[in-house]
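Please open the model in a viewer and keep the selection panel at hand. The tour proceeds by selections, each followed by a description of what is found there.

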Amino acid sequence: MEKLKQTGQPPLSKIKQLLMPAMLIYMMSLFLLPQYSHGWDSYCWSSWTIQLKEKGFVSAYEGGSPINYLPLYLYVLKGFSYFFSVEQIPEHIYKLKAITWLFDVASILLLCSLIKSESSRLSYFIFGVLNIGFFYNTIIWNQVDGILTFFIFSTFYFAYFRKTFLSLILFLLGLNFKLQAIVFAPVLLVLWLPGISLKKLTVYVLALVFLQCLIILPFLINGNAKNIINVAFGSVDYFSVVSMNAYNLWHLMLKGNFMEMPDNLPVFFGYTYKSIGLALFFIFSLAICLPLYLKVYKAKIMKHVLNIDLKLMLMSMALICYTFFFFNTQMHERYIHPVIIFLTALAFLYNQWGIWLIVSLNYAFSLEAICNFFKIEQYRLLVFYPVFMAWIYALGLTLLFYEWYLLLPKNAFQFKRVK
């Protein structure tokens, strides 16, 4: 495939031909939405929506159900509440899937704009939305990681094509949706830094502060904006256990009930599982980001324009999230979800089908092992064993690191002198 260049012009025009079929596919899929949803999560969405409807938006973090999501999704729940009575909300809560699914479709549309072949775009689009590892989380589970994934992927998309301000806005929205978005910042900085001068930085910061104030304005007016900070930082250690069904490194190292195993007790020369996991994550994050930062620094010193290979950056974005999921404690099974869109991009654009298939299927199996939606008679099949799934995730991570390492020295960075 011909290399895409950081021209400053995102190829959005290339998805015009997909808009009509994408909308038709989206509308048709709404009639096929299963009423099934993950029980506990659906209960939370229902109770939170009822609370916002009965007590108002600013009641979100004051008593009632323990709402632990940031404001952006609460706007979605508040909007949803206008369509149903309090009595109807629990029955219709599965229809929230339609909102998240719209973001999923938008993510695949953005990805398909990167495909050069006009005749192939629709096929790739359909192939992308039909990936069970991509749609299970939304269509069956009724979780909302697809919304975070859209914000992260669109942030990356516009950052790569040097639309820095728009990229920063999208990233701020992602942060206001889930604090987990911060994980991607070290890689995104590689794309942001070349396009930010001191003068621009001042303007960007002021604009982003203004946008942040708009997002939390109801809470500012009510005088309880500090509760948002409590929720944001309270998400860390909210489940202070080794694993929340994330089949990662700890399933290969330990045995037991990980959802009841504290991660904050000294276990190895005074170190906790949590601190060991964080150390491993930081080490691998440094290994990913340091070569990228050195190239950006070199370009600044030499006053050159730096063009970075799209494939390398897609791999780096996938890796930073993958290592976050694989090494840390307290991880949910869904925290690897954003990796899927970047692996899909690598498959569609660079024929990296193996890693995409391995991780997508393993992710789908991990979700099905919890939801049991398909009512498979024998859930004791090897593919549903936690240790087996952990080994598959380890294999996917190893292959991705290997491909990234091979690509790093191969003209992934191009320097051009500024005229």
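The stops below cover two helix pairs, a cavity and two pockets in a predicted model.

**First stop: helices H1 and H5**

Select residues 16-30, which form helix H1, together with residues 97-112, which form helix H5. The axes of these two helices come within 11 Å and cross at roughly 155 degrees. An angle over 145 degrees counts as roughly antiparallel, and H1 and H5 are therefore roughly antiparallel to each other. The crossing in which H1 passes H5 is right-handed.

Next, display the side chains at the contact. On H1, select Leu18, Leu19, Ala22, Tyr26, Ser29 and Leu30. On H5, the partners are Ala98, Ile99, Trp101, Leu102, Val105, Leu109 and Cys112. Colouring by residue class shows twelve nonpolar residues, one polar residue and no charged residues in the contact of H1 with H5.

**Second stop: helices H8 and H16**

Move to residues 145-160, helix H8, and add residues 310-327, helix H16. H8 and H16 pack with their axes 12 Å apart, at an angle of about 150 degrees. That angle makes H8 roughly antiparallel to H16. The crossing of H8 and H16 is right-handed.

Which residues of H8 and H16 meet? From H8, select Ile152, Phe153, Phe156 and Tyr160; from H16, select Leu310, Met313, Leu314 and Met317. By class, this contact of H8 with H16 comprises eight nonpolar residues, with no polar and no charged ones.

**Third stop: the cavity**

Keep H8 on display. A search of the whole structure for cavities of 30 Å³ or more finds one, and the largest cavity has a volume of about 30 Å³. To locate the largest cavity, select its lining: Leu114, Phe153, Phe156, Tyr157, Tyr160, Phe161 and Leu310. H8 gives the most to this lining, with four residues. Among the lining residues are Phe153, Phe156, Tyr160 and Leu310, which also take part in the contact between H8 and H16. The lining of the largest cavity has seven nonpolar residues and neither polar nor charged ones.

**Fourth stop: the largest pocket**

Now centre the view on Ser235, Tyr238, Phe239, His332 and Tyr335, which lie closest to the centre of the largest pocket among the 45 residues that line the pocket. The volume of the largest pocket is about 1,200 Å³. For the surrounding elements, select helix H2 (39-55), helix H13 (226-234), helix H15 (273-302) and strand E5 (331-332), each of which gives two or more residues to the lining. The largest share, seven residues, comes from H2. By class, the lining of the largest pocket divides into 27 nonpolar, twelve polar and six charged residues.

**Final stop: the second largest pocket**

Retain H13 and add helix H9 (164-177); these are the elements that give two or more residues to the lining of the second largest pocket. This pocket has a volume of about 320 Å³. Select its lining as follows: Leu70, Pro71, Leu175, Asn176, Leu179, Gln212, Ile216, Ala225, Ile228, Ile229, Ala232 and Phe233. Which helix gives the most to the lining of the second largest pocket? H13 does, with four residues. By class, the lining of the second largest pocket has ten nonpolar, two polar and no charged residues.

Notes. Residues numbered from 1 in each chain as written. Predicted model: local features only at pLDDT ≥ 70, side-chain atom pairs only at ≥ 80, totals over all residues. Heavy atoms only, no water. Axes fitted to C-alpha atoms, helices over the stretch in contact; angles between N-to-C directions. Parallel < 35°, antiparallel > 145°, perpendicular 65-115°, else oblique. Left-handed = near helix turned anticlockwise from the far one by under 90°. Contact = heavy atoms within 4.5 Å. Nonpolar A, V, L, I, M, F, W, Y, C, P; charged D, E, K, R; others polar. 1 Å grid on protein atoms, 1.4 Å probe; cavity = no way out; pocket = protein on both sides within 12 Å on 5 of 7 lines; lining within 4 Å. Points joined across faces, edges and corners; volume = space filled by probe spheres on them.
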